[in-house]
Amino acid sequence: MLFFRSEERVKEWCEQRGHPLRPLVSISQLWGLASMWYADRLRVDSRRPGPAEMKEVFAGLGLSGEFWNPESDRFGESTGRNDG
Amino acid sequence: MEFDRRVKLVVYGHFAATGGAPTAAVVSAEVGSSEAEVRSAYQRLSDQRVLVTAADGTSITMAPPFSGVPTPHVVISEGVRYFANCAWDALGIPAALGQPAAVHSECAQGGDQLVLEVAPEGPPPSDWLFHCLVPAAHWWDDIGFT
């Protein structure tokens, strides 16, 4: 989970490592994810969102498709991890 | 309050106050139990994906969004320096603290420096991007890699 200056830099990074290009997320969307996940993390009743809640959060931020489905097995073990 | 929740609160409170992970001795003193009981709680909290410990079962390497070890993602808030586990967690720390923070990181391709002044309401408009290689269903297969 990394920051990039531009889409071109993401593509370069993926190409150089043989990784697939995944959906790009804006800083605004990332703040939505960060605040949904962590805004209550220091509170007594905090808990991680479950799969159904995750799907709702992602959809609410415009992040859809199998990549964002926490219960999907369509990607199998293919994480693009080939650089050790 | 149940024991594991007390341990979690002490761990997270320590990270928030100091920027670093507490030792098991500090946590055991805070919750009034043995270090062995604290280590057992760490294991259960790890199973719940609340903590990640090193192989010794005692050293906390992650209490998301906080990192117990140095990373390229640094967050500074009210004079305290924090390390985040990843780009997502770099914004997660200001969100968890609920106070202004400066996020310092870099472009993974080329090393351009990123500085985001994050208000409690969120960061300013930015054309930087976030990219995650691992699909959501596999994030915790190897959370260190993710």
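Helices and strands are taken here as DSSP runs of at least four and at least two residues respectively, numbered from the N terminus. The model is a predicted one.

On this numbering, Arg49(B) falls in the loop that links helix H3 (35-47) to S1 of chain B. Arg49(B) is not a glycine, yet its phi is positive, at about 65°. A second backbone feature of chain B is the cis peptide bond between Pro64(B) and Pro65(B), for which omega is about 10°. Pro65(B) is located in the loop between S2 and S3 of chain B. For comparison, most residues other than glycine have a negative phi, and most peptide bonds are trans.

The strands that border these loops belong to an open sheet of chain B, in which three strands follow the order S1-S2-S3 with antiparallel pairing. Strand S1 (52-53) and strand S3 (66-67) of chain B are the edge strands, each of them pairing on one side only. S1(B) is joined to strand S2 (residues 60-63) of chain B by two bridges, and the two strands run antiparallel. Within this pairing, Thr53(B) has Ile60(B) in S2(B) as its bridge partner. H1(B) packs on the sheet and touches S2 and S3 of chain B, its direction making about 90° with that of S2(B).

The contact between the two chains involves 53 residues from chain A and 56 residues from chain B. About 4900 Å² is buried between chain B and chain A, and carbon and sulfur atoms give 66% of this area. Across the interface of chain B and chain A, 17 residue pairs are in polar contact, both residues being at pLDDT 80 or more. On the side of chain B that touches chain A, two or more residues come from each of helix H1 (3-18), helix H4 (87-97), strand S6 (101-106), strand S7 (113-118) and strand S8 (129-131) of chain B. H4(B) supplies the largest share of that side, 10 residues. By residue type, the side of chain B that touches chain A comprises 36 nonpolar, 10 polar and 10 charged residues.

Two salt bridges are counted between chain B and chain A. One of them is formed by Asp127(B) and Arg5(A), whose closest N and O atoms are 3.0 Å apart.

The interface also includes a sheet built from both chains. This open sheet has three strands in the order S1(A)-S8(B)-S2(A), and the pairing is antiparallel. S1 and strand S2 (24-26) of chain A occupy the edges with a single partner strand each, so one side of each has no neighbour in the sheet. From one strand to the next, the twist averages 40°.

S8(B) is thus paired with two strands of chain A. Strand S1 (residues 2-4) of chain A is joined to S8(B) by three bridges, in the antiparallel sense, and Phe4(A) stands opposite Leu129(B) in S8(B). S2(A) likewise pairs with S8(B) over three bridges, again antiparallel. In this second pairing, Val25(A) has Phe130(B) in S8(B) as its bridge partner. Helix H2 (residues 27-38) of chain A lies across S1 and S2 of chain A together with S8 of chain B, and runs at about 85° to S2(A).

Technical notes: Residues are numbered from 1 along each chain as its sequence is written. Chains are lettered from A and ligands numbered from 1 in the order in which they are written. This is a predicted model: local features need pLDDT of at least 70, side-chain atom pairs count only at pLDDT 80 or more; totals for chains, interfaces and linings use all residues. Side-chain values use heavy atoms; hydrogens and water are left out. Contact means heavy atoms within 4.5 Å. Buried area is the accessible area (1.4 Å probe) that two parts lose on being put together, summed over both. A salt bridge is a side-chain nitrogen of Lys or Arg within 4 Å of a carboxyl oxygen of Asp or Glu. A polar contact is a pair of N or O atoms within 3.5 Å; within protein, one must be able to donate a hydrogen and the other to accept it, and residues adjacent in sequence count only if both atoms are side-chain atoms. Ala, Val, Leu, Ile, Met, Phe, Trp, Tyr, Cys and Pro count as nonpolar, Asp, Glu, Lys and Arg as charged, and the others, Gly among them, as polar. Two strands pair if DSSP finds at least two bridges between them. Axes are lines fitted to C-alpha atoms, for helices over the stretch in contact, and angles run from 0 to 180 degrees between N-to-C directions.
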